[in-house]
Amino acid sequence: MKKTAVLLGALVCASFAPFLSAAHAATLEARDCWVRAMPPNLPSSGYFVVANNGDKPATLSAADTPAFGMTMMHKSENKGGTATMSAVETVDVPAHGTLAFAPKGYHLMLEEPGKAVQVGSTIPLTLTFADKSTVKVDCAVKSAATVGK
């Protein structure tokens, strides 16, 4: 009887796990997403804002779009007058705060386009967090000369 109760309890807890992850995802939203239109032989970049309306920090761990074969998170910095760019594995989004991926800061490096992306079109982007929750957003494709939203 005790073994059955333990198994039943584990089953009940497991059945609520997707709802807990979905609840965390509901506290996260992405907006203002855009991607630079570049020639197909050059890498592109993507930008967005993630808002965390929850009480706990969230950790962004990946981004993916079917429009590109490879999507990586990077950070640009200026160190002593020299611009540097490095890959990052994760980025924290503070509780009740925002994280901006913007030119000259955090950004997505988008490589291996399936086909050239056209100015004025949109592409889907999925952001994945450490807790396995995801947020989807559509990204406007803008001219390579764009410097902000």
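Two strands pair if DSSP finds at least two bridges between them. With that idea in hand, strand 10 of this predicted model is a good place to begin. Strand 9 (residues 122-129) and strand 10 run antiparallel and are joined by 7 bridges. Together they form a hairpin with 4 residues between the two strands, and in the turn K132 has a positive phi of about 75°. Within this pairing, I123 has C139 of strand 10 as its bridge partner. Strand 10 also pairs with strand 1 (residues 28-36), here in the parallel sense and over 3 bridges; in that pairing, W34 stands opposite A140.

The side chains of strand 10 (residues 134-142) alternate along its length. V135, V137, C139 and V141 point to one face and are buried, whereas T134, K136, D138, A140 and K142 point to the other face and are not buried.

Attention now turns to the spaces inside the model. The structure holds 2 cavities of 30 Å³ or more. The second largest has a volume of about 30 Å³, and the bridge partners I123 and C139 are both among its lining residues, along with C33, V35, G46, Y47, T65, L108, L110 and L125. Strand 1, strand 2 (44-52), strand 8 (106-113) and strand 9 are the elements that give two or more residues to this lining. By class, the lining has 8 nonpolar and 2 polar residues, with no charged ones.

The largest cavity contains about 40 Å³ of space. Its lining includes R36, M38, P39, P40, F68 and K115, and by class it has 8 nonpolar, 1 polar and 2 charged residues.

Note on methods
Residues numbered from 1 in each chain as written. Predicted model: local features only at pLDDT ≥ 70, side-chain atom pairs only at ≥ 80, totals over all residues. Heavy atoms only, no water. Buried < 20%, exposed > 50% of the residue type's maximum accessible area, 1.4 Å probe, protein only. 1 Å grid on protein atoms, 1.4 Å probe; cavity = no way out; pocket = protein on both sides within 12 Å on 5 of 7 lines; lining within 4 Å. Points joined across faces, edges and corners; volume = space filled by probe spheres on them. Nonpolar A, V, L, I, M, F, W, Y, C, P; charged D, E, K, R; others polar.
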